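Let's take a friendly walk through one loop and a few strands. Please keep the viewer open as you read.

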Amino acid sequence: MNILWLFCVAIFMGIEGFFNSSVNVKAASAASALAEQNAGLSTAPDNLGLDSTLFTKGDFSDYKTSSGGTVNNLASLMSATGSPFGDLRAIRMTYNTNQAAAIWSNVGGGNYIDITKKQTLSMWLYFGPKTHTSTGDFGDGMAFVLQNSSLGVKDFSHKGTTLGAGETLGVWGLDNDNSVDSPKTIADTAIQDSWALEFDTTANTAGDPGGADGFDQGISGQHIAYGYPHDPTTYIRGGTPPKTGLFGSTSGGYYYTQHHTGTVPVTLHDGQWHHLTISWDPTTFQATYSFNDKNPDGSKGTNPITETTDPIKPTEFGVVPDNHLRWGFTATTGDSYEANLIAFESIPSSVEGDATATIKDETQNKDVKDGDSVNSNDQLAINYNLTYDSGRDSWDNIVADLNLPSGVTYTADSNGNIGKITYSDGSTKDIKSSFLSGTSVNGYPVDKSLSSTGPTSATITINGVAKAVSSDTTVASTRSKIDSDTLIKDVDSPSFTIKKSKPINLSLDKSNVSVSPDKDVGITGTVSYTDGTAVTNSAVSVYAKLKDNDTGMETTLDTFPLSSDDASGKLNFSIPADKLTGTTNDLEVYVMDKDGNKSTTSTEVISKTGALSLTVNKGYNFSNVNQVTASHLITRSGNWDITVNDGRQVSQDNVWHLSADTDGLKSGDTPFNGEMVYKDNNGDEQSLMGDNLVDIANGVKTQDGEQTTSVSKAWNSGMGIFLRSNGLMTAGKYTGEINWTLSDTL
């Protein structure tokens, strides 16, 4: 059975070859060539297949083999077992010696390159294993071709009925006659009105006259290059005129080398599928190709090659009907062989679209670009942006498989949603948490088609919070896949750094203030880091918004840094009177440093009709004392600045009262052996302990504008607040709080 199978393979090779390949290739070589082909087919990545309405095989009916037989176009959609039936995996171009293949877009069926529009093609290419399992060399590769030939799908490198092989790759001119002395004669055997990007797996450097083996002189090994096959300047003549000797023998003769443009050395035959993306820019008439830009598993390519061509000469194509160019691939082998395979991933005339991933830091209100940083606990929006540009079809049946960035916590909201999709027509749809698995959203269906007549774009947004980290942490880019029947796109999120958590606080000195209608108001406060780091004023900016409570109108004030003339962390600015348009005005203030650390928002109410406010210097304390054994009155020290600000109308009814109480002092868990007391000008002493609210001072509004009363200035050495010791106590530093109550009741 094995012998019979090999015999059948040999017969098959004899039929498919076009230079009597069955004579040159033994049955064992044919079997190994098929095995190499099938190894590539079995690992083909996900692709669009080969729609017969969109692609046409090259027509070789006008060409003959050297023995006058039919030349076969080897291009065919094949399964993993090398059969045109079953689970079809990729397009086989060639796989053995002396073969040719061409596959073209069906322009009439709507598959073309529109040279007036942005166009993107995406595909996979395979050039065989690193080494052959049997004997033989690798050759010759494939070429991506744009053409406007009058021969259409019949055009292939040829001379008469002889099909070009080997170094021609099916697109370049045929150099098999040592008597040809004109580059134009060589160019006329190439595909007409064309431009080609070649993927050449062997360097043809022999330069034998008429031997069709000299195009790559000066180039070493496998390479990518491009040029104009039908342009005589592409070919450079070498050699000398042929001479006829005795008995009809000849010597000398001409050979041709090829002018390569944009030559890039590359490894092609290595047993791997290589991804190729080609983009057409209609404004510059340039093509940009990226080779190895992703791996078969969908991950980003490690060392991609990206090149932009010189502007392609429009005259090389002649007059292009409807601006639609035919595109496709050609491939040839000569005495060497390889499995040349193609798997298409996107066709621009069907759907030309794009997909990108962006991140918005909602806390800092900034876009996070690659290499940027965010802060711990920042709110992040991970966005996947799909855009329909053009095409014959709608972009529909879209399914998103999203790999979300790590270092981010994704939690559903109270409605069970982790995000939403927003269309350009304004409609939205919530994304339920059931689609979330760890840091992946798998199989999310985009429920609307994108097209020129419907919504043209959709943004999938997943909400998250940057994790709190103890040191700066880099979050790597992740690759996601946007899949559909007509277009497959890979999307890479930006890489970013989560900075170490460093909370910043803002404390305003007043929560309420009253001013006369024509008076500016001063705003003061303190900015500090919770970890005790000193504040660099120039690195901290102040953000403020003023709301007129009468009209509801809001005004955003200009952002400014803390003044370097002030003490570290000191907030000090004024609001002009003309901006205080309401009877009462709410001032909302927050600060943010240059690293994006942001405080919570503090509010101060500014009244123009007058109100009471209290200013207390929190740096006051009591004197240090040595151990005492009996009741002792401990005096004040530090700055006891206690001021009542009264901006109300002048009236004998506008009386204010200032009271105080305290829970006492402690050193750790040890309470002070004594109590805080208030001693009036009569020498009467009252305890401030517990809920015993003691009246400290009072006053009445007697003058227009803001009337200021310094309560503590009225105190002398025998009056005011003191600390009463009751006897022995534990040594230490005792701290506590005084609760001040300012009221305007009679």
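A polar contact is a pair of N or O atoms within 3.5 Å; within protein, one must be able to donate a hydrogen and the other to accept it, and residues adjacent in sequence count only if both atoms are side-chain atoms. The model is predicted, so local features need pLDDT of at least 70 and side-chain atom pairs count only at pLDDT 80 or more, while totals for chains, interfaces and linings use all residues. Residues are numbered from 1 along each chain as its sequence is written, and side-chain values use heavy atoms, with hydrogens and water left out.

**The loop with Asp680**

Start at Asp680, in the loop between β52 (674-679) and β53 (685-687); strands here are DSSP runs (E, at least two residues), numbered from the N terminus. Asp680 has 17% relative accessibility, so this residue counts as buried (under 20% relative accessible area, with exposed over 50% and partly exposed in between, using a 1.4 Å probe and protein chains only). Its side chain makes the polar contacts listed here.

| Side chain | Partner atom | Distance |
|---|---|---|
| Asp680 | backbone nitrogen of Asn682 | 2.9 Å |
| Asp680 | backbone nitrogen of Asp684 | 2.9 Å |

Leaving aside neighbours within four places in sequence, Asp680 is in contact (heavy atoms within 4.5 Å) with Gly718 and Met719. From C-alpha to C-alpha, Asp680 and Gly718 are 8.2 Å apart, although 38 residues separate them in sequence.

**Strand β24 and its partners**

In a regular strand the side chains alternate between the two faces of the sheet. Which side chains of β24 (residues 399-403) are buried? Ala400 and Leu402 are, on one face, whereas Val399, Asp401 and Asn403 point to the other face and are not buried.

Two strands pair if DSSP finds at least two bridges between them. β24 runs antiparallel to β32 (residues 479-483), joined by three bridges, and Asp401 has Lys481 as its bridge partner there. β24 also runs antiparallel to β29 (residues 440-445), with four bridges; here Asn403 stands opposite Ser440.

**A seven-strand sheet**

Elsewhere you will find an open sheet of seven strands with antiparallel pairing, in the order β2-β3-β19-β6-β15-β16-β17. β2 (76-79) and β17 (305-308) are at the edges with a single partner strand each, so one side of each has no neighbour in the sheet. From one strand to the next, the twist averages 30 degrees (axes are lines fitted to C-alpha atoms, and angles run from 0 to 180 degrees between N-to-C directions). Within this sheet, β15 (residues 274-281) and β16 (residues 286-291) pair antiparallel over six bridges, and Ile278 stands opposite Tyr289 in β16.
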